[in-house]
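This report goes through selected features of one protein model, grouped by topic. Please look at the sequence and structure first.

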Amino acid sequence: MTATSQGPRLATPHLDRLLGRLRARLVREVWTFGLGRTLLVLGVWLLFTFVVDWTLHVPAGVRLVHLAVTMALPSFVFWREVVRRLRCVPDRAGLAVLLERAHPELHELLVSAVELAPGGEGAPELVERVVREAEQRAATLELSGASDPGPAGRALGVGVAVAAVVALVLGVLREPAGVWLARFAGGDTPWPQRTHLVVEIPLDGELHSSEERLELAVARGADVPVLVRVRGDMPDEVLLSLESGQELTLGRAGRDVFRTLLRSVQEDLAFTLSGGDDDDGTPAVTLHVLQPPDVVGVAVAIEPPAYSGLPARVEFDRDVQVLAGSRVVVTMRSDPPETTGVARLLPEDRELALEPRAFPARLDEAPLADPRGRGFELVADHTLRYRFELRDAGGLTNPDPGLFAIDVEPDRAPEVELLAPARGEVETVVGGALPLRALVSDDFGLGLLSWTSQARGAQDAAPRVHPLVGQAPAVEEPGALGGRAQRARLTATTRLEVNELFGDAPPTEGEVFELVVVAEDNRAPEPQEGRSAPTRLRVVSADEFLRRVQDRLGRVRTKVDALADLAREKQGYTRDLIASVESDEPAAADASAVEGALAGARRVQGDARALTRELCAVTEAMLYSRLDERAGPLLEAYDERASARVDRSFHAEPWQELVALQASGALGRADFADRLIEMVGAALELSELHGERVVVLLRELQDQRDLEAAHDTLLAVDAEQSAAAVSLEELLRLLAEWDNYQSILTSTRDLLNRQKNLLDRTRQFYKDN
């Protein structure tokens with residue numbers, strides 16, 4: 001057993017200095033870290049209170065809470081991060097432990113020396129050796145691993161940075177910072193206003209304007225625009241607060257403009273505007289609603305051009321229609337009468353001054369006691385709209401003025417409708433004639449009438465002008481321009497001689513001419529001209545003309561064959577109806593069956609009339625060609641009757657009269673025109689006699705309820721259809737005879753032509769030899 005004794009404390013100066021340095025370092029790091037955290041918290045809190053007070057303008061109570069927190073929060077952080085941590089700084093043994101952790105190769109040498117140096121128990125030699133070794137190592141040890149100064153340095157850096165930022169912000173924003181410091185210290189210094197609203201009402205009639213109030217006089221019913229311009233910070237919204245408590249949100253109308261429209265203000269109105277931090281309610285806006293000037297009567301005096309023959313007239317309180325070139329005087333009465341203003345013409349947006357004029361009285365009323373009015377005058381040459389923009393002595397204007405119209409009706413050029421020739425291209429022969437009939441009409445009056453002829457291919461040469469005389473007097477028809485407008489209608493008729501189209505020289509075969517009817521009206525100073533559609537006149541040889549006639553009659557014969565088949569089919573349907581009526585089941589001939597029969601009869605009649613028109617056109621062309629030298633009386637008789645036509649529709653009466661005259665022998669006998677007249681007579685008998693009777697009888701059958709009467713009517717229908725079939729057979733016979741006659745004529749003409757050619761060659765032979 002080894003004996004131990006407690007000796008005197010051994011001196012360890014190097015170890016003591018090492019531990020003292022470590023302790024001082026730890027204390028310094030605690031202070032550095034604590035001050036950094038305190039500056040961080042204090043800076044963030046001060047910046048927070050500054051921003052909150054600047055943006056929200058917090059009341060004094062909240063600012064006192066901010067001040068209390070400013071004092072308490074850093075104190076708490078300082079106690080927690082400095083005072084409490086300083087109390088936790090370790091003693092010598094703890095400091096030695098920190099060094100041992102930084103230098104694990106010492107194997108607790110420093111801790112043993114600290115505990116044994118003050119005279120610890122143990123063998124003196126062992127204690128002395130431990131202390132001596134510890135002292136030797138303490139002289140060379142460094143404190144770099146015993147503590148980490150990084151967190152403390154970073155905390156101090158962050159705190160100083162935050163403090164610098166706060167100082168920079170307060171330095172840059174000196175004026176707000178000064179206000180904040182004064183308020184933070186308990187003062188009531190107000191914040192400067194960041195948003196300023198400037199109210200604008202772009203209307204005349206301002207009564208008072210100041211920073212506190214704005215008063216305007218506005219017209220009753222006017223729309224009042226309210227504009228608010230923002231200076232400074234832009235608010236999220238601008239509110240218009242009425243006296244009644246109602247609020248309106250103004251719409252954004254630009255980068256710094258808000259706008260709304262108070263529509264049709266009817267009574268006095270007061271309101272204020274607010275937005276952002278501009279909520280003091282100034283200026284207070286008051287609108288005083290007054291009765292505006294108004295139009296109580298409009299009179300339009302219209303004086304048409306003299307050539308129109310229209311009477312002057314006055315119309316009241318309405319839109320008007322006038323003839324182009326009319327002189328128009330517009331006069332209005334206003335309430336009150338002492339107003340001024342302009343008339344605005346649209347769409348050209350032109351202004352005319354309103355001059356004093358007497359307002360005319362209506363025809364059925366007594367003269368006005370106060371005829372004072374204002375108006376303007378113009379010559380109407382185009383359609384326009386106008387309104388009166390009035391202003392009274394107080395500067396009020398009439399809101400939403402009414403719009404009136406002056407519709408200008410142009411004087412149209414004469415209308416020329418060519419009745420004959422009815423087609424756009426006509427063929428004739430040298431020595432032939434051509435009917436020229438035109439219906440000419442105009443709004444008011446007609447002047448010169450003429451027709452022109454010009455050879456195709458000679459467009460550079462001036463057309464030949466021929467006078468034309470109208471045969472019908474002007475008539476009156478109701479017009480749209482007030483009262484009754486004169487509408488002139490003339491029927492111009494003449495017979496053109498092909499050989500006289502261009503003077504004494506007759507045209508040659510193959511030439512083409514254009515015929516146009518020209519009419520002038522009586523408009524002053526310059527008449528207008530109307531022209532018909534051009535008609536092309538082709539001059540062909542007699543042989544070619546007859547071939548064309550033959551071709552057209554060939555097509556007519558094909559149509560007659562088809563019509564005969566259709567007529568037989570419809571007559572068979574009629575006989576089926578007769579059989580059903582005579583049978584035990586008369587109900588088979590019901591209304592639908594009669595309707596079917598009527599539809600078939602109308603179809604037969606329509607085809608027959610088309611056939612008749614074609615035959616009449618061929619006959620007319622043949623008569624006017626004068627190829628039948630003995631058909632002169634027929635031509636004169638037809639031309640006299642056709643001249644009375646005033647439209648382009650087909651009229652059977654002239655042809656029926658012509659057929660009757662030819663059958664009676666009053667017009668003599670022609671070579672082959674008589675055959676065409678006979679065809680026309682057969683076609684007219686088919687369409688206008690038998691076909692019409694069939695349709696009339698079937699219409700009567702639709703209304704009959706008695707079975708016996710219906711049976712008699714059906715028998716009459718069958719008889720008429722049989723007569724129509726006879727007319728068709730007669731027409732086919734005449735067409736066949738025409739073909740035979742034309743074949744003989746063609747053969748004879750060919751024989752004569754060959755004999756003529758042989759004679760010419762014989763004469764040429766004797767002349768040469």
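## Strands β1, β4 and β8

Strand β1 (residues 195-200) and strand β4 (residues 224-232) run antiparallel and are joined by 6 bridges. Within this pairing, valine 198 has arginine 229 in β4 as its bridge partner. The model is a predicted one.

Strand β4 also pairs with strand β8 (residues 257-262), in the antiparallel sense and over 6 bridges. Here valine 224 is matched with leucine 262 in β8 as its bridge partner.

## An open sheet of five strands

Another part of the model holds an open sheet of 5 strands, in the order β13-β20-β19-β15-β16, with mixed pairing. The edges are taken by β13 (320-323) and β16 (350-353); each has a single partner strand, so one side of each is left without a neighbour in the sheet. On average, neighbouring strands of this sheet are turned by 30° against each other, direction ignored.

The edge strand β16 runs antiparallel to β15 (residues 340-346), and 4 bridges join the two. Across this pairing, arginine 344 stands opposite glutamate 351 in β16. In a regular strand, side chains alternate between the two faces of the sheet.

## Salt bridges

How many salt bridges does the count come to? The count comes to 42 salt bridges. One of them joins glutamate 315 and arginine 318, with the closest N and O atoms 3.2 Å apart. Glutamate 315 has 13% relative accessibility and therefore counts as buried, while arginine 318, at 48%, counts as partly exposed.

Another salt bridge is formed by the side chains of arginine 350 and glutamate 348, at 3.8 Å from N to O. Arginine 350 counts as partly exposed at 39% relative accessibility, and glutamate 348 counts as partly exposed at 32%. A further salt bridge, at 3.4 Å from N to O, is made by the side chains of arginine 693 and glutamate 720. Arginine 693 lies in helix α12 (residues 673-703) and glutamate 720 in helix α13 (residues 707-768), so this pair ties together parts that are 27 residues apart in sequence. Arginine 693 is partly exposed, with 40% relative accessibility, whereas glutamate 720 is buried, with a relative accessible area of 14%. Salt bridges that share partners also join Arg344, Asp349, Glu351, Arg387 and Glu389 into one network. Two members of this network, Arg344 and Glu351, have already appeared as residues standing opposite each other, the glutamate being in β16.

## Aromatic pairs

The count of aromatic pairs comes to 13. Tyrosine 307 and phenylalanine 444 form one that is edge-to-face, with 6.4 Å from centre to centre and 85° between the planes. This pair links distant parts of the chain, 137 residues apart: tyrosine 307 is in the loop between β11 (294-303) and β12 (313-316), and phenylalanine 444 is in the loop between β23 (433-442) and β24. Are these two rings on buried or exposed residues? Tyrosine 307 is buried, with a relative accessible area of 15%, and phenylalanine 444 counts as buried at 7% relative accessibility.

Phenylalanine 316 and phenylalanine 359 form a tilted pair, with 6.2 Å from centre to centre and 55° between the planes. Phenylalanine 316 lies in strand β12 and phenylalanine 359 in the loop between β17 (355-358) and β18 (372-380), so the pair ties together parts that are 43 residues apart in sequence. Both phenylalanine 316 and phenylalanine 359 are buried. Elsewhere, ring pairs link Phe376, Tyr386, Phe388 and Phe404 into a cluster.

## A nonpolar patch on the surface

Trp31, Leu35, Leu39, Leu156 and Val160 form a nonpolar patch on the surface, and together they have about 380 Å² of accessible area. Helices α1 (13-56) and α6 (150-172) each supply at least two residues of this patch, and the largest share, 3 residues, comes from α1. Leucine 39 is found in helix α1 and counts as partly exposed at 31% relative accessibility.

## Alanine 455

Alanine 455 lies in strand β24 (residues 446-455). Alanine 455 counts as buried because its relative accessibility is 18%, and the cut-off for buried is under 20%. Between alanine 455 and leucine 537 there are 9.3 Å in space, C-alpha to C-alpha, although the two are 82 residues apart in sequence.

Terms used:
Residues are numbered from 1 along each chain as its sequence is written. This is a predicted model: local features need pLDDT of at least 70, side-chain atom pairs count only at pLDDT 80 or more; totals for chains, interfaces and linings use all residues. Side-chain values use heavy atoms; hydrogens and water are left out. Buried means under 20% relative accessible area, exposed over 50%, partly exposed in between (1.4 Å probe, protein chains only). Two strands pair if DSSP finds at least two bridges between them. Axes are lines fitted to C-alpha atoms, for helices over the stretch in contact, and angles run from 0 to 180 degrees between N-to-C directions. Patches are made of residues with over 30% relative accessible area and no salt bridge: like charges are joined within 9 Å, nonpolar side chains (Val, Leu, Ile, Met, Phe, Trp, Tyr) within 5 Å. Accessible areas come from the Shrake-Rupley method with a 1.4 Å probe; for residues, only the protein chains shown count as cover. A salt bridge is a side-chain nitrogen of Lys or Arg within 4 Å of a carboxyl oxygen of Asp or Glu. Rings of Phe, Tyr and Trp (its six-membered ring) pair if their centres lie within 6.5 Å; planes under 30 degrees apart count as stacked, over 60 as edge-to-face and the rest as tilted.
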